[in-house]
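These are my notebook entries on a structure that I opened for the first time. I set down what I looked up, in the order in which I looked.

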Amino acid sequence: MNPTRPGAGWIEVITGPMFSGKSEELIRLLRRAAIARQRVEVFKPALDDRYSEGDIVSHSQWRVPCRLVERAEEIRTRLDPRTEVVGIDEAQFFDDALPAVCGHLANLGKRVIVAGLDMDYRGVPFGPLPVLLAVAEEVHKIHAICTSCGAPAAYTQRLIESDERVVVGASGVYEARCRRCHEPEGAPPASEPWLFPPGDDSDQKEEG
Ligand code: ADP
Ligand code: ZN
């Protein structure tokens with residue numbers, strides 16, 4: 001959906017697990033904005049400092065050019081003031097300033113479209129996404145297909161063992177899983193009580 005008034009600022013978030021089509025949906029919305037002759041700028045976090053420009057690329061190889069920035073605040077300082085639509089991909093890797101930056105841009109009348117993982121591979125809320133989901137005018141939580149059983153998948157399964165929260169890669173490293181098929185590796189942090197809901201014992205999981 002678009003802001004109802006031209007010039008009315010707005011934050012919308014596209015979220016879900018890996019392979020759910022977040023990048024595809026972001027690219028689709030940005031292409032439509034460009035067709036409507038709106039000025040569009042796109043950003044994603046630079047995970048290393050070798051490049052300043054790149055592409056948002058979906059798993060199905062759709063792509064749009066974007067600028068790589070190290071901190072959320074750079075989106076605000078580098079943005080062309082004439083830009084009407086701001087796209088942000090891989091939002092989970094940005095710092096905690098991202099919601100304030102998005103709010104600032106929306107207050108200036110810009111349409112801010114943010115895509116990012118809501119949970120990491122353990123099911124733990126990821127980076128600035130929880131706050132963004134709360135402050136956005138619109139949230140699209142989309143599903144992938146569970147690679148194990150074919151059900152709608154809201155979780156990302158990591159297939160390799162690592163102590164790092166982020167292991168770059170996609171196919172062969174991660175796959176989409178539903179709640180029943182998702183197996184978080186290692187011990188989830190005790191500060192995340194929703195990871196241990198009452199009645200969640202493995203016997204029930206096997207039978208149900
Ligand atoms: P995301 O940005 O959410 O990781 P992408 O937009 O990059 O997702 O890729 C979505 C595309 O990935 C789908 O349109 C489909 O072609 C492909 N795909 C591969 N594995 C799956 C899966 N398990 N469930 C859904 N789509 C998948
Ligand atoms: Zn499943």
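Entry 1, aromatic pairs. I searched for paired rings and found 1 aromatic pair in the structure. I counted rings of Phe, Tyr and Trp (its six-membered ring) as paired if their centres lie within 6.5 Å, with planes under 30 degrees apart taken as stacked, over 60 as edge-to-face and the rest as tilted. The partners are Phe93 and Phe126, which meet edge-to-face at 5.9 Å centre to centre with 90° between the planes. Phe93 sits in the loop between β5 (85-88) and α3 (98-107), and Phe126 in the loop between β6 (111-117) and α4 (129-135), so the pair ties together parts that are 33 residues apart in sequence. For these elements I used DSSP runs, numbered from the N terminus: helices are H or I of at least four residues, strands E of at least two.

I then checked accessibility, where buried means under 20% relative accessible area, exposed over 50% and partly exposed in between (1.4 Å probe, protein chains only). Phe126 is buried at 6%, whereas Phe93 is partly exposed at 26%.

Basis of the entries. I note that this is a predicted model, in which local features need pLDDT of at least 70 and side-chain atom pairs count only at pLDDT 80 or more, while totals for chains, interfaces and linings use all residues. Residues are numbered from 1 along each chain as its sequence is written, chains are lettered from A and ligands numbered from 1 in the order in which they are written, and side-chain values use heavy atoms, with hydrogens and water left out.

Entry 2, the zinc ion. Which residues hold the zinc ion (ligand 2) as protein donors? I found the SG atoms of Cys146, Cys149, Cys178 and Cys181, lying 2.3 to 2.4 Å from the zinc ion. Donors are N, O and S atoms within 2.8 Å of the metal (3.2 Å for Na, K and Ca); water is not among the atoms, so sites may look incomplete. Along the chain the donors follow the spacing C-x2-C-x28-C-x2-C. The site is tetrahedral, with angles of 102 to 117° among its 4 donor atoms; four donors earn that term if all angles lie between 85 and 135 degrees. Cys146 is buried at 3% relative accessibility, but Cys149 is partly exposed at 47%.

Entry 3, charges over rings. I required NZ of Lys or CZ of Arg within 6 Å of the ring centre and within 35 degrees of the ring normal. Arg158 lies over the face of Tyr121 at 3.7 Å from the ring centre, and Arg31 over that of Trp62 at 5.4 Å.

Entry 4, ligand 1. I listed 13 residues around ligand 1, of which Phe19, Lys22, Ser23, Glu24 and His59 come nearest; a residue is near if one of its heavy atoms lies within 4 Å. An oxygen atom of ligand 1 is 2.7 Å from an N or O atom in the side chain of Lys22. A polar side-chain atom of Glu24 also lies 2.7 Å from an oxygen atom of ligand 1.

Entry 5, positive phi. Most residues other than glycine have a negative phi. I noted Arg37, with a positive phi of about 60°, in the loop between α1 (22-35) and β2 (40-45). Arg37 is exposed at 76% relative accessibility.

Key
Four donors count as tetrahedral if all angles lie between 85 and 135 degrees; four count as square planar and six as octahedral if opposite donors are over 155 degrees apart and all others between 65 and 115; anything else is irregular. A polar contact is a pair of N or O atoms within 3.5 Å; within protein, one must be able to donate a hydrogen and the other to accept it, and residues adjacent in sequence count only if both atoms are side-chain atoms.
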